Amino acid sequence: MRAAVSPMLVRLAEERATGVLVRDHGALYLADGQVVHAESPAAPGLDVLLTASGRLASDSWADAVAQAGSRREVARFLVDSGQVGGGELEICHLGALFDAAFFALRPASGPTRFRYGVAHWIGRVRPVPTQVVEREAQRRSLLLDSVWPHPTVDTAPVKRRPEPAGRTLGPRRQGLLHLADGVRTPAAIARTLGRPAFNTLVEVRRLAAEGLIETPAESAAPSGPDTVSEIAGTGEPPSVLDSAMLRRLRDALEATL
C-alpha cells in the first residue's frame, strides 16, 4: 500500500475539517473533510477551461465573479442563469480539480499550512473524498513515469527538435509543437491552448520519448510557476482583494500556523 501523499490531508479528512490547505505548488479547499476545489499556478483554472473552449465568454465569467464571487456562489450563478448546464459544469470542475490537485500534492520543500474556515469563491460543485484525490494524484505520477521517466521536462521550457523527414503528426500534437519555442513551459502551453495541464504533460513526455522535444539534464533548474500565488488560500475572488490586503492575509496566516 502506498504512503499518503500528504499526511496532513489525511488528518484533516479524519477531522472533517473545512478550510484551505496551502502547499508549495497549489492549494486544496476542503469542506467537511472532502475536497471541493483545487488550484495551482501550473494548471489552468475552471475559467480558462470554459472560456478557451468557447463554452463561455470571458465577459460572462467576469460578470459571474463580480455578481456572485463575494457570496462564494459563482458556480451556482452560472447554472442558475442558464449559461452552463449543471452536469457540464460539474464535469469541467472535476477535471480542473483533479488537474490542480495533482500539482498541489507533488512533493514540496516548503511548509504545508492549513487555514480553517476558508471557502473558495467558486462555491461547492461536487465534493470529492480526499482518498480519491490522493489516489488519482498517485496514478498520474505513475503514468507520467511510465511514458518518460524524466520529470525535468515538466517544468522546463519546451524546445522542439528537428522533425524526422516524412514524420506525420496529428493536429493536437502539431499545435503543441508549434508553441514549443524554448520559452514556454508545459504550464504556459496548457494555458495558451486551454487544455488541462496534466494532459499537456503526458503529451510533452511522449514527444520527449520520441525525440521530438529536448529533455533537459536532471540538474537543470525548473522555470515557470512553481509556487502558489498570493491569492491562493484567501478564498476571495480576484476583484475583491487588493495586493495590500493579500499581503496582510498571507502574513496573518503564517503568523497563526
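Colleague: Which residue follows α9, and what sign does its phi have?
Modeller: Gly211 follows α9, with a positive phi near 80°. This is a predicted model: local features need pLDDT of at least 70, side-chain atom pairs count only at pLDDT 80 or more, and totals for chains, interfaces and linings use all residues. Residues are numbered from 1 along each chain as its sequence is written, and side-chain values use heavy atoms, without hydrogens and water.
Colleague: Where is α9, and is it mostly enclosed or open?
Modeller: Helix α9 covers residues 197–209. Ten of its 13 residues are buried (under 20% relative accessible area, 1.4 Å probe, protein chains only). So α9 is largely enclosed by the rest of the structure.
Colleague: Which residues are buried there?
Modeller: Among them are Phe198, Leu201, Val202, Val204 and Leu207. Glu203 and Arg205 of α9 are buried too.
Colleague: What do they pack against?
Modeller: The buried residues of α9 pack against α5, α6 (130–147), α7 (171–178) and α8 (186–193). Contact here means heavy atoms within 4.5 Å.
Colleague: New topic. What is the strand order in the sheet?
Modeller: The order is β4-β1-β2-β3-β5, in an open sheet of five strands with antiparallel pairing. Strands (E, at least two residues) and helices (H or I, at least four) are DSSP runs, numbered from the N terminus.
Colleague: Which strands stand at the edges?
Modeller: β4 (113–116) and β5 (128–129) do. Each has a single partner strand, so one side of each lacks a neighbour in the sheet.
Colleague: How many bridges join β3 and β5?
Modeller: Two, in the antiparallel sense; β3 is residues 34–39. Pairing takes at least two DSSP bridges. Gln34 stands opposite Pro129 in β5.

Terms used. Expected span 1.5 Å × (residues − 1). Buried < 20%, exposed > 50% of the residue type's maximum accessible area, 1.4 Å probe, protein only.
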